[in-house]
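Colleague: I have a structure open and would like to talk through a few local features with you. Could you put it up so that we are looking at it together?

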Amino acid sequence: MANIHILGYPSSAGAYCVGVEHAPAALRDAGLVVALEAAGHQVDDLGDLPVHLWKPDQRRPLAQNLDEEVGALRALADAAAPLVMTGHRVLVLGGSCTVALGLCAAVQDGGIEPHLVYVDRHLDLNTPDSTTEGSLSWMGMAHALGLPGAAEPLVGLAGRQPLLQAAHLSYLGVDLADETTPWERDQVERLGISVTTQAEMVADPTTAALKARGALPDGPFVVHVDVDVLDFLDAPLAENVNGRNSGPTLVQLGAALTTLWSEPDCLGMSVGQLVPAHAASDPTSLARFVEALVPPSDG
């Protein structure tokens, strides 16, 4: 049994469009709290932080809504840091994938060196200089690592720069062949970042999760889950609808997350890029995702 604090981060400011800000409410409506309690966990649902909405940012087109997202993430770190220091687990419901930076900043504010398993189809190592997409949700890890071309206000989110050392970041579920840019692959090679691939995760989710965890130093770590790691046709949850007929199923993701939750040093998890309007196409998908998120009772 675990004591789990739930905190909603309903921000789409760093996303590609509006939609992900509805995820915290949708996950609660799909029975998240009930499922956690049924598994034997003590749950403290702290509600949601203020809503922040994506809007076209003509002033900063290559780093959309940067100042608003930085402010929202700083508020998340301030709210989550005391929870991390309790020794209980934290489950942050985003929001765009930049939510992972807010969770890592909270860990650092709590006096713990951030270590992160990043579960995603993508590397999120682009910067405003390497892509014209403009969405910070595709750039989160570039800013956590302080890569060249990253936007200084987000790099400096937690004061210390960079927020993450390359050896303290481990990927799980990445499609290196089709879903990453040459710039991103170059950064992985240059920095020696550990990548456990999509193919490995599909073949054996438990072994893949253990490999991703084992690539980090011993000690406390957190997990971030971008739902676009999933096969969109198995679970149409993600903002990015292009992950079709590739990636893990929800059952496979659940096996990987169970493995990570079961590690005694797992402090918590964040979730990003879930659009409930897409989930409406398969009424079972949100409930199945909730099942995948719930830690085992002995984890």
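Colleague: Let me start with Q273: does it count as buried or exposed?

Modeller: Bearing in mind that this is a predicted model, Q273 has a relative accessibility of 5% and therefore counts as buried, since the cut-off for that class is under 20%.

Colleague: And where does Q273 lie?

Modeller: Q273 lies in the loop between β8, which covers 266-272, and α11, which covers 276-279. Its phi is near 70°, which is a positive value in a residue other than glycine.

Colleague: What about D124, what is its phi near?

Modeller: The phi of D124 is near 55°, again a positive value in a residue that is not glycine. D124 has its place in the loop between β4 (116-119) and α5 (140-145), and with a relative accessible area of 2% it is buried.

Colleague: Switching to pockets, which residues line the largest pocket?

Modeller: Both of the residues we have just discussed, D124 and Q273, are in that lining, together with Y16, H122, S137, W138, E179, D226, D228, E239, N240 and N242. The volume of the largest pocket is about 240 Å³.

Colleague: How many of the lining residues are nonpolar, polar and charged?

Modeller: By class, the lining of the largest pocket is made up of two nonpolar, five polar and five charged residues.

Colleague: On to α4, then: why is it described as largely enclosed?

Modeller: Helix α4 spans residues 99-109, and because ten of its eleven residues are buried, the helix is largely enclosed by the rest of the structure. The buried residues in α4 are V99, A100, L101, G102, L103, C104, A105, A106, V107 and Q108.

Colleague: What does the backbone do just after α4?

Modeller: Just after α4, G111 takes a positive phi of about 85°. On the other side, in the loop between β3 (89-94) and α4, you will find G95, and the peptide bond that joins G94 and G95 is cis, with omega at about 20°.

Colleague: Last topic, the surface: which residues form the nonpolar patch?

Modeller: The nonpolar patch on the surface is formed by V18, V51 and L53, which together have about 250 Å² of accessible area.

Colleague: Taking V51 from that patch, is it buried or exposed?

Modeller: V51 has a relative accessible area of 53%, so it is exposed, the cut-off for that class being over 50%. As for its place in the chain, V51 is in the loop between β2 (42-48) and α3 (66-84).

Note on methods:
Residues are numbered from 1 along each chain as its sequence is written. This is a predicted model: local features need pLDDT of at least 70, side-chain atom pairs count only at pLDDT 80 or more; totals for chains, interfaces and linings use all residues. Side-chain values use heavy atoms; hydrogens and water are left out. Patches are made of residues with over 30% relative accessible area and no salt bridge: like charges are joined within 9 Å, nonpolar side chains (Val, Leu, Ile, Met, Phe, Trp, Tyr) within 5 Å. Accessible areas come from the Shrake-Rupley method with a 1.4 Å probe; for residues, only the protein chains shown count as cover. A salt bridge is a side-chain nitrogen of Lys or Arg within 4 Å of a carboxyl oxygen of Asp or Glu. Helices (H or I, at least four residues) and strands (E, at least two) are DSSP runs, numbered from the N terminus. Buried means under 20% relative accessible area, exposed over 50%, partly exposed in between (1.4 Å probe, protein chains only). On a 1 Å grid over the protein atoms alone, a cavity is a set of points where a 1.4 Å probe fits but cannot get out, and a pocket is an open set with protein on both sides within 12 Å along at least five of seven lines; lining residues have an atom within 4 Å of a point. Grid points are joined across faces, edges and corners, and a volume is the space filled by probe spheres set on the points. Ala, Val, Leu, Ile, Met, Phe, Trp, Tyr, Cys and Pro count as nonpolar, Asp, Glu, Lys and Arg as charged, and the others, Gly among them, as polar.
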